[in-house]
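Here are my notes on this one, in the order I'd look at things. Have the viewer open as you go through them.

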Amino acid sequence: MKSCLALVLSVFLVTELSIIGANPSNSIPVNAIITSLRRRDHQIRDQIEQLNDQIKNITQQSQLLQGANERFDFMSTNIGILQRKLEKANNEIQNKEAQISHITIQLKSQLKNITDKTNQLNMQMKNITDLSELLQNKTDKVNSMNKTINTLKSNLETAKDQIKTKDSQITDQNELIKTRNEEIAKLTKQIEDLKTEIKTKDEHIKLQGEQIATKDSQIDGLNNQTKSNEEKMTKITDKLVKCNRQGFCPINGPSGIYKIKIRGMNTFEAPCNSTGWLTIQKRFDGSENFDRPWKDYKDGFGNINGEFFIGLEKMHVMTRERPHELYIKLGMVNGSTGYAHYDDFKIGSEDELYKLKSLGIYNGTVGDSLKYHKNMKFTTLDKDNDDAESNCAANKYGGGWYKKCSQSRLNAKFYKEGHTRDKSGIVWGSWHNYDYTHSLTFVEMMIRPKTVMN
Ligand SMILES: [Ca+2]
């Protein structure tokens with residue numbers, strides 16, 4: 001800086017000398033030069049100060065600029081760091097988004113699983129409830145069984161005591177048995193002796209058996225002769241019966257009890273009226289019980305002068321021998337009466353369970369409540385031959401040709417008052433609009449051989 005200033009000063013000095021027209025080799029006015037130099041010095045000094053100020057300003061500005069540059073560099077560095085951070089953050093956000101999406105899918109699947117599990121859980125809960133109930137029941141049973149076991153235990157104790165007693169009794173009995181065994185040994189010997197004797201007897205018996213067989217064949221021969229004789233006798237009896245008209249009631253005789261003789265049957269008594277009708281069943285005062293078993297209906301029961309049933313076997317034989325009519329007379333508690341007439345009444349044998357084989361043509365005033373029963377077998381309280389699941393003769397209905405079950409029940413329970421709420425009375429449905437609370441107070445069933453009037 002100083003060398004530069006010296007140079008400037010030297011140049012300035014030469015220039016200044018030329019201006020004033022001085023020639024160094026000439027005499028120079030020194031005062032003028034000094035004054036000029038001083039003036040110049042002042043000017044230069046001022047310029048230098050100005051330059052220094054400018055330099056100072058420039059230096060300050062340069063420093064400021066440098067500071068700004070440094071701040072700019074710093075900022076740029078920071079921005080770069082921040083951009084990298086931003087980039088990194090963006091990448092992380094993308095990763096997180098992908099993770100979120102994946103997690104969402106997993107979550108959905110988990111939700112479905114949870115729903116399924118919840119349903120399963122509900123089912124399991126229901127099963128648990130059911131099982132709990134079952135368990136309760138089982139527990140109750142176990143308790144009950146425990147009680148039973150306790151009872152049985154105490155019974156067992158008692159039984160043990162009894163066994164003890166029995167044991168001592170058995171010991172006594174064993175002693176007795178020993179004694180008996182000795183006796184038995186003696187008896188066995190006797191038996192052996194007897195067996196020998198029996199063997200001898202057996203031989204005798206065998207001999208006698210052969211003799212008996214011979215006799216048996218002789219007896220068979222005699223039986224055959226007897227049978228043949230009986231058949232001859234029956235034929236003769238038949239002829240006699242026909243002759244004597246004993247197989248049925250007299251046509252014009254007075255009414256009363258008659259002895260009736262039918263082929264193959266013992267003579268029996270029956271009420272006959274004056275027009276040849278034979279009464280086979282009668283109800284009018286409830287004095288006889290009609291709720292009876294098969295054997296009674298087969299053989300007949302009751303009082304021939306009062307209420308009775310003549311018997312299925314007699315009815316079968318009579319109607320088998322000759323065609324018969326049937327007349328049923330009925331009466332109500334209010335005094336009204338009516339009848340049903342059938343022109344061909346026939347009953348099967350006991351083997352056929354006394355089936356109602358035929359009725360013929362109906363005629364009458366009470367309606368036909370018997371045709372429903374046609375071809376039905378007879379049923380009694382102890383023999384169920386009807387078509388119903390139960391036994392129609394039960395419930396006090398008495399015996400009858402029941403189907404499923406009846407439109408008429410002439411052997412049912414008798415009710416004097418003429419009606420019964422439990423429908424167990426004597427009925428003839430078609431006569432009282434099938435109102436089975438009615439109970440008839442009069443019944444008479446009668447038969448008569450057709451040929452009598454023909
Ligand atoms: Ca039945």
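1. A working term before the sheet: two strands count as paired if DSSP finds at least two bridges between them. With that in hand, look at β9, where N363 is the bridge partner of H341. Behind that pair, β7 and β9 (residues 362-364) run antiparallel and share 3 bridges. Do keep in mind throughout that this is a predicted model.

2. Confidence next. The average pLDDT for the protein is 85, and 89% of the residues reach at least 70. The stretch to treat with care is residues 237-245, where pLDDT is below 50; in the model this stretch makes 7 contacts beyond near neighbours in sequence.

3. For the overall picture, I have 5 helices and 12 strands in the protein. Of its 454 residues, 19% are buried. Among contacts with a separation of 6 or more, 45% are between residues 24 or more positions apart.

4. Back to β7 (residues 337-347), which is worth following along its length. Its antiparallel pairing with β6 (residues 324-331) is made through 7 bridges. One position to click on is H324, which sits opposite F345 in β7. The two strands make a hairpin with 5 residues in between, and G335 in that turn has a positive phi of about 95 degrees.

5. What else pairs with β7? Strand β8 (residues 356-358) does, again antiparallel, over 2 bridges. Here K346 is found opposite S358 in β8. So β7 has pairings with β6, with β9 and with β8 to check in the viewer.

6. Now α4 (residues 312-321). Which of its residues are buried? They are L312, K314, M315, H316, M318 and T319. An α-helix has 3.6 residues a turn, so residues three or four places apart point the same way. As for what these buried residues pack against, the list is β2 (268-272), β3 (278-283), α3 (294-299), β6, β7 and β12. The hairpin strands of point 4, β6 and β7, are thus on that list.

7. Some backbone geometry deserves a second look. Most residues other than glycine have a negative phi, and most peptide bonds are trans. Y354 is not a glycine, yet its phi is positive at about 50 degrees. You'll find Y354 in the loop between β7 and β8. Is Y354 buried or exposed? Y354 counts as buried because it has 26 C-beta neighbours inside 10 Å.

8. N433 is another residue other than glycine with a positive phi, near 55 degrees. Its place is the loop between β11 (427-428) and β12 (442-449). Its surroundings contrast with the previous case: N433 is exposed, because 9 other C-beta atoms lie within 10 Å, whereas Y354 is buried.

9. Last, the peptide bond between K404 and C405 is cis, with omega about 5 degrees. C405 belongs to the loop between β9 and β10 (408-409). Please have a look at this bond alongside the two phi values above.

Terms used:
Residues are numbered from 1 along each chain as its sequence is written. This is a predicted model: local features need pLDDT of at least 70, side-chain atom pairs count only at pLDDT 80 or more; totals for chains, interfaces and linings use all residues. Helices (H or I, at least four residues) and strands (E, at least two) are DSSP runs, numbered from the N terminus. A residue is buried if 20 or more other C-beta atoms lie within 10 Å of its own, exposed if 12 or fewer, and partly exposed in between; C-beta atoms are placed from the backbone. Two residues are in contact if their C-beta atoms, placed from the backbone, lie within 7 Å. pLDDT is the predictor's confidence in each residue, from 0 to 100.
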